Amino acid sequence: MSHGSLMAMPILVINMGVEMVYILEQRLSAQKIPGEKGQKVLQDVVKTMYYPRFIDELFKPQKIYSLQSTRQIFDRLAHSSIMRLNESSMDKLFDLMAMGFKYQLVTCTSPTEIINVTVNHLQCLRNIVKEADSLTALLDQCQATVVRTYGQMSSTECAVVRQTLLSFFQDRKVKVSLFLQEGIQNPDGHIVVPASGHLPVEHALPGAISYYAAGSVVR
């Protein structure tokens, strides 16, 4: 089995975990939960999610979990604070987490871009818990592990990581009202892949014609 396929789990859990914190933050705000109490919920979840022992186990080469097993991870993480969600609320939370990350995964222009997405997620999460120095230290450690682990991978290995993740989400087509309103999801649940945007690094513009002479580009 390819090394890339054995290293998809950290990318899955980290990105879906950040999506979970985003959604919880919005729900707490919408429910007008006092700021201090809301921060305590988010900080408890982040502390559990990025606990060094958990991260160490997560980064060990392993086959990607099933959808049900992955759901169980986030069940435990979501309830690591004083917050309690019933099964229906947890179902909706997990669906939003999954579709949010699936959208980012599908719209990446190159396999290596998913690493940039992961690092960006961790940096955004740092802003959410910036008042807790101990948590920002945990996020810094996790980011360093991401960069160290995936920065050494070839483009081919990164492509295998992305393909493994796409296979994980292949049949996940939950309709999200915001996605439907913004036209980034079709009524049948498929994600709309944009036909425009920036090109991947070191990729030529499609349709460009180059002329070679003696092994070198002349125009």
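Select lysine 32 in this predicted model. Just after α1, lysine 32 takes a positive phi of about 55°, and lysine 32 is a residue other than glycine. Most residues other than glycine have a negative phi. Lysine 32 sits in the loop that joins α1 and α2. Its relative accessible area is 71%, so lysine 32 counts as exposed.

**Back along α1**

Now select α1, residues 8-30. The helix has 23 residues, and from its first C-alpha to its last it reaches 33 Å, close to the 33 Å expected at 1.5 Å a residue. Show the surface of the chain and α1 is mostly covered, with 17 of its 23 residues buried.

**The whole chain**

Zoom out to the full C-alpha trace, which spans about 70 × 40 × 35 Å along its principal axes. Colour by secondary structure to find nine helices and two strands. From the N terminus on, the order is α-α-α-α-α-α-α-α-α-β-β. The chain has 219 residues, of which 43% count as buried. Among contacts with a separation of 6 or more, 73% are between residues 24 or more positions apart.

**The end of α4**

Go to helix α4, residues 67-78, and select leucine 77, which lies in that helix. Is leucine 77 buried or exposed? Its relative accessibility is 5%, and the cut-off for buried is under 20%, so leucine 77 counts as buried. Add valine 45 to the selection: the two are 32 residues apart in sequence, and their C-alpha atoms are 6.0 Å apart in space. Leaving aside neighbours within four places in sequence, leucine 77 is in contact with Met20, Val45, Thr48 and Met49.

Move to alanine 78, also placed in helix α4. Alanine 78 is buried, with a relative accessible area of 0%. Which residues does alanine 78 contact, leaving aside its neighbours within four places in sequence? They are Met20, Val45, Met83, Leu85 and Met90. For a distance label, pick the C-alpha atoms of alanine 78 and methionine 20: these residues are 58 apart along the chain, and the separation is 8.2 Å.

Continue to serine 81, in the loop between α4 and α5. At 6% relative accessibility, serine 81 counts as buried. Its contacts, with neighbours within four places in sequence left aside, are Val41, Asp44 and Val45. Val45 can stay selected throughout this stop, since it is a contact of leucine 77, of alanine 78 and of serine 81.

**Aromatic rings**

Show the aromatic side chains; the structure holds five aromatic pairs. One of them is formed by phenylalanine 74 and phenylalanine 94, a tilted pair with 6.4 Å from centre to centre and 50° between the planes. This pair links distant parts of the chain, with phenylalanine 74 in helix α4 and phenylalanine 94 in helix α5, 20 residues apart. Both phenylalanine 74 and phenylalanine 94 are buried. Then select Phe101, Phe168 and Phe169, which form one aromatic cluster.

**The largest pocket**

Rolling a probe the size of a water molecule over the atoms shows where empty space is left. The largest pocket holds about 480 Å³ of space. To centre the view on this pocket, select Ile23, Leu96, Val176, Leu178 and Phe179, the residues nearest its centre among the 20 that line it. The elements giving two or more residues to the lining are α1 (8-30), α5 (87-106) and α9 (177-181). Which element gives the largest share of the lining? That is α5, with seven residues. Coloured by residue class, the lining divides into ten nonpolar, five polar and five charged residues.

**Helix α7**

End the tour at α7, residues 133-150. This helix has 18 residues and reaches 26 Å from its first C-alpha to its last, close to the 26 Å expected at 1.5 Å a residue. Show side chains for its buried residues: Leu135, Thr136, Leu138, Leu139, Cys142, Gln143, Thr145, Val146 and Tyr150. To see what these buried residues pack against, add α1, α2 (35-49), α3 (52-58), α6 (113-128) and α8 (155-169).

Terms used. Residues are numbered from 1 along each chain as its sequence is written. This is a predicted model: local features need pLDDT of at least 70, side-chain atom pairs count only at pLDDT 80 or more; totals for chains, interfaces and linings use all residues. Side-chain values use heavy atoms; hydrogens and water are left out. On a 1 Å grid over the protein atoms alone, a cavity is a set of points where a 1.4 Å probe fits but cannot get out, and a pocket is an open set with protein on both sides within 12 Å along at least five of seven lines; lining residues have an atom within 4 Å of a point. Grid points are joined across faces, edges and corners, and a volume is the space filled by probe spheres set on the points. Helices (H or I, at least four residues) and strands (E, at least two) are DSSP runs, numbered from the N terminus. Ala, Val, Leu, Ile, Met, Phe, Trp, Tyr, Cys and Pro count as nonpolar, Asp, Glu, Lys and Arg as charged, and the others, Gly among them, as polar. The expected span of a helix is 1.5 Å times one less than its number of residues. Buried means under 20% relative accessible area, exposed over 50%, partly exposed in between (1.4 Å probe, protein chains only). Contact means heavy atoms within 4.5 Å. Rings of Phe, Tyr and Trp (its six-membered ring) pair if their centres lie within 6.5 Å; planes under 30 degrees apart count as stacked, over 60 as edge-to-face and the rest as tilted.
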